[in-house]
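Subject: Structure handover and notes

Hello,

Here is the structure for your files. Please look it over before reading the notes below it.

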Amino acid sequence: MFDIGLTNFNPQSPSFFVMLITALFSFFLSSLIAVTYKLTTKSIYRKNHFLQSLILIGIVAATILQAIGESVAIGLGIIGALSIIRFRTSFIDPRNITFIFASLGSGVACGVMGYGIALTGTMVFCLGANILRFSPMSNNHELIGELKLRVPMGEEIQDIIEQKLKKHCRHFDLERLRSVISKKSNELQEGDKTPIIANSDKEKILEFVYLISLKDSTTLTALEGNLSNIDGLENLRLEFQNRTTKL
């Protein structure tokens with residue numbers, strides 16, 4: 001019923017044995033990519049369904065390429081059919097997109113009978129991912145801090161703040177700068193009576209919001225102590241969290 005010959009490959013009607021070998025080999029390479037992703041990803045958001053998608057998407061790509069063969073008409077028809085599907089999944093981490101393309105690439109190579117290309121590309125990709133795992137570029141546990149402070153308006157106040165940040169921060173970026181009018185009240189005391197407001201002065205102050213990452217040699221206490229020396233400083237707030245990569 002089925003042509004079991006692997007050497008007599010016909011792109012127009014591939015044999016059952018060829019399609020089976022292609023699907024299994026694509027499954028093996030995609031599984032290797034998924035295992036590499038699991039071993040090299042430090043993020044806590046390693047969902048099992050994403051790992052399954054990495055494995056299955058390679059088989060889907062290989063199957064589509066096997067179905068197209070050398071027929072341009074079938075290729076255009078499949079493109080039209082796939083255009084009906086709306087892919088609305090957003091990927092915050094660009095590294096996840098890279099692994100998806102790697103799985104797709106291995107499936108495409110298997111689908112066109114490029115087993116050697118698929119194996120070589122997958123092995124080099126997995127090797128590169130493991131090498132980068134032990135490099136400084138894999139440090140995704142670095143917390144990004146949000147520094148918020150208010151100071152009286154001055155000509156060189158921003159330079160003073162950033163000079164202090166350079167001593168303690170590896171990187172910093174001014175995210176927001178706002179001018180605020182603050183009211184200062186002078187109160188008079190009359191014995192034990194309730195304070196009476198005599199007059200009110202308005203003062204212009206600047207509100208700075210920085211995104212910072214601390215150096216390994218510094219501490220949060222040292223940064224706060226250095227910033228506290230700024231004259232008129234008020235409402236100093238520091239908050240650290242693991243922020244997602246933005247492109």
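The notes below cover the salt bridges, the nonpolar cores and two residues taken one by one.

This is a predicted model, in which local features need pLDDT of at least 70 and side-chain atom pairs count only at pLDDT 80 or more, while totals for chains, interfaces and linings use all residues. Residues are numbered from 1 along each chain as its sequence is written, and side-chain values use heavy atoms, with hydrogens and water left out.

Salt bridges

A search of the whole structure gives 4 salt bridges (a side-chain nitrogen of Lys or Arg within 4 Å of a carboxyl oxygen of Asp or Glu). One of them pairs Glu146 with Arg237, with 3.6 Å between the closest N and O atoms. Glu146 belongs to strand E1 and Arg237 to strand E4 (residues 234-241), so this pair ties together parts 91 residues apart in sequence. Helices (H or I, at least four residues) and strands (E, at least two) are DSSP runs, numbered from the N terminus. Glu146 counts as buried at 18% relative accessibility, whereas Arg237 is partly exposed at 42%. The cut-offs are under 20% relative accessible area for buried, over 50% for exposed, and partly exposed in between (1.4 Å probe, protein chains only).

Glu207 takes part in two of the pairs described here. With Arg150 the closest N and O atoms are 3.0 Å apart; Arg150 is in strand E1 and Glu207 in strand E3, so the pair ties together parts 57 residues apart in sequence. With Arg178 the N to O distance is 2.8 Å, and this pair links Glu207 in E3 to strand E2 (residues 169-188), 29 residues apart. Glu207 is buried, with a relative accessible area of 1%. Its partners Arg150, at 21%, and Arg178, at 40%, are both partly exposed. Lys148, Arg150, Arg178 and Glu207 are linked in a network of salt bridges.

Nonpolar cores

The largest nonpolar core has 15 residues, and Ile161, Leu165 and Phe208 have the most contacts inside it. A nonpolar core here is a set of buried Ala, Val, Leu, Ile, Met, Phe, Trp, Tyr and Cys residues joined through side-chain atoms within 4.5 Å. At least two residues come from each of strand E1 (144-152), helix H6, strand E3 (196-214) and helix H7 (220-227). E3 gives the most, with 5 residues. Leaving out residues up to four places away in sequence, Ile161 touches Leu149, Val151, Phe208, Tyr210 and Ile230 (contact means heavy atoms within 4.5 Å). Another core lies apart from this one and has 12 residues, among them Phe50, Leu51, Leu54 and Ile55.

Glu162 and Gly145

Which side chain of opposite charge is nearest to the buried Glu162? It is Lys166, 5.9 Å away, and Glu162 has no salt bridge. For this purpose Lys and Arg count as positive and Asp and Glu as negative, with His and the chain ends not counted. Glu162 sits in helix H6 (residues 157-168). Beyond its neighbours within four places in sequence, Glu162 is in contact with Phe172 and Tyr210.

Gly145, in strand E1, is buried with a relative accessible area of 0%. Its C-alpha is 5.6 Å from that of Leu211, though the two are 66 residues apart in sequence. Apart from residues up to four places away, Gly145 touches Tyr210, Leu211, Ile212, Glu239 and Phe240.

Regards
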